[in-house]
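Dear colleague,

Please find below the structure I agreed to pass on to you. My notes on it follow directly after.

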Amino acid sequence: MCGIVGVTGVEQALPCLLHGLQKLEYRGYDSAGVYLMDNAGNDAYIREKGRVAKLAEKAKANGFIGTSGIAHTRWATHGNVTIENAHPQKSSDDRFYLVHNGVIENYQELKAEYLSGVHFVSETDTEVAVQLVDKFATEDGLSNVEAFRKMISLLGDNSAYGFLLIDTKEPGTLFAAKKKSPLLVGVSDHGNVVTSDAAAMVDVTKEFIELHDGDIAIIKPDSVAVYDAQAEPVDRQHFTLEIDPEDTDKGAYPYYMLKEIDEQAVVARNIAAHYFDEEGQLQGIGCAITDKMKEADRLYIVAAGTSYHAGLVGKRYFEQWAKIPTEVHIASEFAYDQPMLSAKPFFIFLSQSGETADSREVLYNVKKQGFPGLTLANVMNSTLTREADFALPVLAGPEIAVASTKAYTAQVLVQAILASALGNPGFDLKAELAKVAVEISAITDEKETFKKIAETALKDQKSAFYIGRGLDAAVSLEAALKLKEISYVQTEGFAAGELKHGTISLIEDGTPVFALLTQKKTAGLLRGEVAQVAARGANTVVITSKSLTKDGDAFVLPEVAELLMPILAVIPAQLIAYYATLDRNLDVDRPRNLAKSVTVQ
Ligand code: F6R
């Protein structure tokens, strides 16, 4: 969703900020803006609707470069997509400029109470925040940090914010604050930076300081001071981001999504290398985690979207290998309508970004009730990893495309490894993972086949189905999400046996029905369902495993341990979604209305 970058003390602020904004594009946004200044007090304020490239054109035409500045990509929440609503927002006297991620729940009340005489030009809650800072500094004579702190103290409890503020009267100083929204300060000897996503600034520095909720930081070209919610100076932990700037580049690929699909074999190898030693012994999962999990009478996996779908597969491992009953819940439901819990629950939060607001809400609630929890996340140092009792990395590497691919397979793999630490899979998991990696590559090498399937089965189609039973039903949900979210073909993922109870009435002549058929126990029944929809005119496309194949199947998957087949079965679906989207001339990496990291509830 919204993204923030800021710099101070750099030689050229504009290119640095624009590059940062481009790196944030994957998160989803609909307008962007930048405020720049230099030490002589010269400045430029530029905002634009649509793509960062349009903002860059406008900024380059303006010609001002600056040595400090703040910039933002906005995903509209309060107010439409207009230039007036884009960030930075500024105070009426042009003194303060502010960018903001998050939501201020009581902004209307604050506006009425404190700012009745002020003329507003936007519909945003952010403009209220910056006008308040200006009032407290300019009219009431508070210092900048006091004015900033006072504004923050007035925000309702449920507000979320990452703020980055600049005062034109104090060139080169940035004021940052955060609550429930990520914000990091990056340090280097050629200027300091602030960002909501470290990957955006990795070309400037890899050394970051993690701000905590309630912190305020004052960032100058050669110093950073952090104060906690009680206004006491604090030393926050520094960390070095372990990514290569090239990891976040597309390289020779036309889209990040294709690169990330192809990376899945390497991800599987990296995960195995991290969690198994040379002798095949598990490592990296402390006894503190496994002991707590073994004490639990039930596991609750909480997640959203693709991560939720990965949880549906993980449930099988925890139940079958670890013998612990496991429930999988949608975070946005659980957060506001908590079901009855067992006596000794243990929570597993699955998340690529580690920032999903709905999952964070559940974590917050269950912590208050005293229940233990573990986060499995791709982005470590994220809120969900920091705030849970335990955290383990899923090691997919930076995932930039909005549609999640390698994070799904990585989450499934790490859940399998975790379950194997609690019980016995009955086979050599490490050896099987090596095989999985080889077979992933064998499937991704078949791109032409999936391109052809996408271009024929989905040509001019407005709707489609993915069906399966058992684990194949779980993968069908993910397969359907992939196709619908980027190609806009309305696709339902379905437990095949349920079709006859109503939904089969949607099948018409030519309706594409993809069947995922990898589970021996239910293969016969699923074949029956494929025949039923075919008899009603469906164009059936069967993706099956080697030992279950029959004449006419569209694709035969290589065989690995049956419970690991979801990792292979999802890959054709990812590639079919990719090629169907290309065929429709749509932007594969940035589907409409979506954001990579969903930080609003
Ligand atoms: C779909 C997708 C989303 C995310 C969901 C949760 O391709 O990526 O459905 O899975 O928004 O996000 P995380 O995993 O970051 O918590």
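In these notes, buried means under 20% relative accessible area, exposed over 50% and partly exposed in between, with a 1.4 Å probe and protein chains only. The model is predicted, so to speak of a local feature requires pLDDT of at least 70 and a side-chain atom pair counts only at pLDDT 80 or more, while totals for chains, interfaces and linings use all residues. Residues are numbered from 1 along each chain as its sequence is written, and side-chain values use heavy atoms, without hydrogens and water.

Asp-125 belongs to helix H4 (residues 125-139); helices (H or I, at least four residues) and strands (E, at least two) are DSSP runs numbered from the N terminus. Asp-125 is buried but has no salt bridge, that is, no side-chain nitrogen of Lys or Arg within 4 Å of a carboxyl oxygen of Asp or Glu. The nearest side chain of opposite charge is that of Arg-74, 6.9 Å away; Lys and Arg count as positive, Asp and Glu as negative, and His and the chain ends are not counted. A polar atom of the Asp-125 side chain lies 2.9 Å from the backbone nitrogen of Ile-104.

Elsewhere, five strands form an open sheet in the order S22-S21-S23-S24-S25, with parallel pairing; two strands pair if DSSP finds at least two bridges between them. Strands S22 (490-495) and S25 (555-557) are at the edges with a single partner strand each, so one side of each has no neighbour in the sheet. S21 (residues 463-468) and S23 (residues 512-517) pair in the parallel sense over three bridges, and Ile-467 stands opposite Ala-515 in S23.

Kind regards

Technical notes
Polar contact = N/O pair within 3.5 Å; in protein donor to acceptor, adjacent residues only side chain to side chain.
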